[in-house]
Every structure is written in structure tokens, then in C-alpha cells.
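Student: Before we discuss the open spaces in this protein, may I look at the model itself?

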Amino acid sequence: MSRIVHVNGQWLPEEDAKISVFDRGFLFADAIYEVTGVIGGKLIDYEGHIARLKRSLEALGMHAPVDEAALLDLHREIVARNDLKTGLIYLQISRGAEDRDFLFSGTLSPSVVLFTQARNILENPRWKTGIKVITVPEGRWVSRQIKTVQLLYSSLAKMEAVKSGADDAFFVEDGFITEATSSNAHMVTKEGVLVTRALSNALLHGITRGSVLDLARAAGLSVEERSFTPEEAKAASEVFITSAGTFVMPVVSIDGVPVGDGQPGDVSARLRQIYIEDQLARAI
Ligand code: PDD
């Protein structure tokens with residue numbers, strides 16, 4: 001059955017949903033996005049995603065095409081129209097369409113697209129096995145805190161990882177891990193300290209990252225926000241990634257070196273459980 005997609009104020013079957021070839025999202029990757037989880041028809045960590053969306057819009061000097069109340073209505077309506085129980089909502093806002101020019105005019109109307117992806121994000125079989133990652137040089141642009149759709153380098157890095165028998169890649173810059181291709185990277189040291197890179201322009205400020213760190217601190221875990229190297233991660237007791245689609249996903253090997261005993265660890269399992277319980281209680 002075809003999904004119902006939202007495009008610039010219209011609700012359309014996915015086959016009929018179209019964007020102009022002059023859209024700057026298409027021509028210049030001049031667009032930002034958010035991916036929000038849905039469980040039981042309710043939105044997960046929604047306030048965080050919308051706060052980051054506003055920061056991304058501001059950083060690129062784009063004006064918000066719809067206000068916050070309308071945005072929440074769009075999210076709720078797309079869930080209802082697609083009868084989405086569990087999965088993801090993708091929201092993209094591009095600067096708009098005009099004749100191709102590196103300079104853009106200030107009067108453009110942003111293009112707004114939302115679609116759903118039905119997916120059982122509550123039962124991910126990879127949580128039991130964990131994933132394998134390789135390290136690759138960081139090659140993305142410098143403003144990674146803005147959630148833009150410039151994802152080509154990340155997509156190629158993930159393709160490379162899968163070609164080499166792994167599942168994902170960690171980007172490494174100046175000897176330190178920035179993050180994974182579409183999630184934040186964390187480790188738990190042999191001493192039980194949760195270490196994660198501090199926020200800066202070097203990485204996306206993950207919404208799941210923020211919530212998981214708050215919950216980890218509340219659960220009494222010691223948390224250090226600092227950069228760490230691939231060697232430290234390989235010698236850690238646990239490594240995991242966080243994102244809206246995977247929550248807390250264990251990493252069991254890095255460049256072929258097993259992490260800990262090569263099995264998903266207890267800390268990441270516990271954090272995932274706490275995160276899901278907390279979010280289920282707060283989903284809107
Ligand atoms: N990716 N880092 C990068 C580079 C990401 O693309 C993402 C999310 C994250 C995690 O952010 P959050 O916890 O807010 O989902 C970190 C989404 C899921 C995607 O592109 O599909």
C-alpha cells in the first residue's frame with residue numbers, strides 16, 4: 001500500500017509527491033532534516049528534534065515555513081494518515097526553488113516534505129548481536145552540528161564498511177573519533193566510565209545522545225565528555241552508538257578487533273532499556 005506523503009501543504013500518495021528540479025535541496029543539498037521515532041503511534045524525543053531543527057534553520061539563515069504548533073500537527077497527521085504504529089518520520093526543509101545560482105534570494109519559500117517509514121524499531125535483532133565498525137578518515141564538511149542533507153560522504157563510508165564485511169564506520173579526525181555515519185559514538189571504559197565526545201561543530205548533537213547521557217547520570221553512572229581515540233575504544237569494555245532509529249546499539253568490533261569479550265555489553269543493554277522505558281512514558 002502506498003504511503004501518504006506531505007509536500008508543501010498537500011497530502012499525496014507517494015507516487016504523486018513531487019519536488020521541483022530547481023529545488024535547492026536537490027541542486028545544492030541546501031536542506032536540513034530530522035528523523036523522529038514513533039512508538040505506539042506516539043512521537044519519541046520530539047521536543048529535542050524540533051529544538052535542533054530550529055537551530056539548523058537558524059544556522060543556515062532559513063526561515064521556519066510553519067510554526068511549532070503546525071509542525072506538531074503535521075507529525076501527528078502523517079502518523080494518523082499512514083496508520084503508523086512503530087517507525088520513523090522523516091522531515092526535510094529545503095531553502096526552496098529558483099533558477100540555479102550559487103547566490104540565493106532571501107524571498108524563497110522553503111519546501112517542506114514529510115514521509116513515514118514503518119519499521120519495528122522496538123525489536124531490533126542487531127541489539128542481540130551488536131554491530132561491527134571500521135574506522136575511516138573524517139571527510140565531511142566542518143559544520144556537522146547542522147543536520148543538513150549533505151550525506152554523500154557518510155553514505156559512501158557506510159557502503160565501504162559493508163563492502164569490507166562490517167556494518168558501519170567511525171569517522172576519525174586528528175586521531176579522535178568524531179561519530180559514526182548516522183549516529184553518535186560512545187565507550188564504557190574498563191573502570192565503568194561512560195565516555196562520549198563533547199559537543200562542538202565536529203559532530204551532530206544527537207538527541208538520543210543527550211537523553212541517554214541524562215539518564216546515565218541519573219542512574220549513577222560516571223560520564224565524561226571528552227574525545228577518545230580508536231585505540232581507546234578498541235581497549236574499552238563496551239562501545240555503542242546512539243540514534244533515533246537504533247536507540248542504543250552495541251558495537252562489538254572495531255577494525256576487526258573485538259571490543260571487550262566481543263559480545264554486546266550490560267551497560268549498553270541497561271541504557272537502552274532505561275531509554276525506551278523513559279521515552280515510552282514521555283512520548284507525545
Ligand atoms: N541520523 N550523528 C549523525 C551524523 C547522524 O546522522 C545522526 C542521526 C546522529 C544521531 O542523532 P539523533 O540521536 O538525534 O538521531 C548522530 C539519523 C537517524 C538519520 O540520518 O537517519
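Tutor: What follows is a discussion of the two pockets listed for this predicted model.

Student: What makes Tyr-33 a lining residue of the largest pocket?

Tutor: A lining residue has an atom within 4 Å of a pocket point, and Tyr-33 is one of the 42 residues that line the largest pocket, so it meets that cut-off. Tyr-33, Lys-147, Ser-182, Ser-183 and Ser-243 are the lining residues that lie nearest the centre, and the volume of this pocket is about 950 Å³.

Student: How do you know which domains contribute to the lining of the largest pocket?

Tutor: At least three of its residues come from each of domain 1 (4-118) and domain 2 (126-282). Among the elements that give two or more residues are strand 3 (31-39), helix 2 (46-59) and helix 6 (207-218), while strand 13, with three residues, gives the most.

Student: Why are ten residues in the lining of the largest pocket called charged?

Tutor: Asp, Glu, Lys and Arg count as charged, so the ten residues are of these types, and the lining also has 15 nonpolar and 17 polar residues.

Student: What makes Ala-118 count as nonpolar, and which pocket does it line?

Tutor: Ala is among the residue types that count as nonpolar, so Ala-118 belongs to that class, and it lies, with Arg-3, Asn-82, Leu-84 and Thr-116, nearest the centre of the second largest pocket. That pocket holds about 160 Å³ of space, and its lining divides into four nonpolar, five polar and four charged residues. Strand 6 (residues 111-118) gives the most to this lining, with three residues.

Notes:
Residues numbered from 1 in each chain as written. Predicted model: local features only at pLDDT ≥ 70, side-chain atom pairs only at ≥ 80, totals over all residues. Heavy atoms only, no water. 1 Å grid on protein atoms, 1.4 Å probe; cavity = no way out; pocket = protein on both sides within 12 Å on 5 of 7 lines; lining within 4 Å. Points joined across faces, edges and corners; volume = space filled by probe spheres on them. Helix = DSSP H or I, 4+ residues; strand = E, 2+ residues; numbered from the N terminus. Domains from an automatic or database assignment.
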